[in-house]
Amino acid sequence: MPGILSVFALISILTTVGIVAILVFESIGFFRQVPIADFLTGTKWTPLFADPEFGVLPLIVGTMMITLIGSVVALPVGLGSAIYLSEYAPDRVRAVLKPVLEILAGIPTIVYGFFALTFVTPILKWLLPQTEVFNALSAGIVVGIMIIPMISSLSEDAMMAVPRSLRSAAYALGSTKLEVAVKIVVPAAFSGIVSSFVLGLSRAVGETMIVTLAAGNLAHMSYNPLESIQTLTAYIVSVSSGDTQHGTVEYLTIYAVGITLFVITLVMNILAGYISRKFREEY
């Protein structure tokens, strides 16, 4: 059994190494033709035009805008749901509510995309007539809804791991249930909550189908969430499914954008690991 389990672990490691190697190897071919400084600082992304520009900033701005909107929706709702399930909900209610909430995580993202395009966007256009058909706000809201179960479930697990003795001691001192939840349980489970936040945001950064359907494919430097934008993942989808010739610089942009996305998520995970270690409580 140790040998079999070691093989499984090795497969996971080799898969990760293979993904990184492919991204790095193919990206080197791209950066031999396009200076990395121009790639990281350019504000125009038109690799398929007759006069191509390879500035990735519009895609990064679009990705971060979707992530920011999603975090505004998901973080408070997810944390609030976790506090309710952990501190307020009776056992019978929790046994029903938590599985129902986690059903959201099983819905295909393309269904979320159609939901954003056909339900959320018309509501936004009714409230804000200047909203475009494809816009960042609609996609960001639905991305936030999608990651709520992940944040809620992991945060609730972290809170449930806090020893009951801490709660009992706070109640003995006269604390209310809300004070115990906010001032005792949440700080004690902070490292786990932060990990759930970063995992959810990493999922938002890498989301593809929702932003492809609802946010559009217009790569431009815009900070207006009511306008059409393009994200890193949406660009990869649009080029991968097109007629781009293999081996051209246009084709290699897929890997350059892919390694940019990989670096962003890697930095987020490293930061989450640092915060978790710094604020971890051991009981």
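Select S152 to begin the tour: with a relative accessible area of 1%, S152 is buried, and in this predicted model the residue sits in helix 6, which covers residues 136-160. If you display what surrounds S152 and set aside the neighbours within four places in sequence, you will find G78, S81, A82, L85 and L101 in contact with S152. Add P76 to the selection as well, since the C-alpha atoms of S152 and P76 are separated by 9.6 Å although the two positions lie 76 residues apart along the chain.

Stay on helix 6 and move to S155, which lies in that helix too. Is S155 buried or exposed? Its relative accessibility is 0%, so S155 counts as buried. Not counting residues up to four places away in sequence, S155 touches A82, I193, S196 and F197; A82 was also on the contact list of S152.

**Helix 9**

Three of the names just given lead onward, so select residues 190-205, which form helix 9. This helix has 16 residues and reaches 22 Å from its first C-alpha to its last, close to the 22 Å expected at 1.5 Å a residue. Colour its buried residues, and you will have S191, I193, V194, S196, F197, V198, G200, L201, S202, A204 and V205.

**The loop after helix 9**

Continue along the chain to E207, which is found in the loop between helix 9 and helix 10, the latter being residues 209-214. Although the residue belongs to a loop, E207 is buried, with a relative accessible area of 2%. Which residues does E207 touch, when those up to four places away in sequence are not counted? They are T109, V143, M146 and T233. Show I66 as well, because the C-alpha atoms of E207 and I66 are separated by 9.4 Å, with the two residues 141 residues apart along the chain.

**Helix 1 and the aromatic rings**

Now go to the start of the chain and select residues 2-31, which make up helix 1. At 1.5 Å a residue, its 30 residues should span 44 Å, and the end C-alpha atoms are 43 Å apart, which agrees. Within helix 1, the buried residues are L23, S27, G29 and F30.

Next, display the aromatic side chains, for the structure holds nine aromatic pairs. One of them is formed by F30 and F31, an edge-to-face pair with 5.2 Å centre to centre and 75° between the planes. The two partners can be told apart by their accessibility: F30 counts as buried at 0%, whereas F31 is partly exposed, with a relative accessible area of 25%.

Then select W45 and Y235, whose ring centres are 5.1 Å apart and whose planes stand at 80°, so this pair is edge-to-face. The pair links distant parts of the chain, 190 residues apart: W45 is in the loop between helix 2 (36-41) and helix 3 (57-88), and Y235 is in helix 11, residues 232-240. Both partners are enclosed, W45 being buried with a relative accessible area of 4% and Y235 being buried with a relative accessible area of 3%. To see these rings together, select F30, F31, F39, W45, F54 and Y235, which form one aromatic cluster.

**The largest pocket**

Keep W45 highlighted and turn to the largest pocket, which has a volume of about 190 Å³. Of the 14 residues that line this pocket, the closest to its centre are W45, T46, F49, A219 and Q230. What is the chemical make-up of the lining? The residues divide into seven nonpolar, six polar and one charged.

**The whole model**

Finally, zoom out until the entire protein is in view. The protein has 12 helices and zero strands, and its C-alpha atoms fill a box of roughly 70 × 60 × 30 Å, taken along the principal axes. Buried residues make up 43% of the 283 residues. Among the contacts with a separation of 6 or more, 71% come from residues 24 or more positions apart, and the pair of W45 and Y235 seen earlier is an example of a link between distant parts of the chain.

Definitions and conventions
Residues numbered from 1 in each chain as written. Heavy atoms only, no water. 1 Å grid on protein atoms, 1.4 Å probe; cavity = no way out; pocket = protein on both sides within 12 Å on 5 of 7 lines; lining within 4 Å. Points joined across faces, edges and corners; volume = space filled by probe spheres on them. Nonpolar A, V, L, I, M, F, W, Y, C, P; charged D, E, K, R; others polar. Helix = DSSP H or I, 4+ residues; strand = E, 2+ residues; numbered from the N terminus. Buried < 20%, exposed > 50% of the residue type's maximum accessible area, 1.4 Å probe, protein only. Contact = heavy atoms within 4.5 Å. Expected span 1.5 Å × (residues − 1). Phe/Tyr/Trp six-rings, centres within 6.5 Å; stacked < 30°, edge-to-face > 60°.
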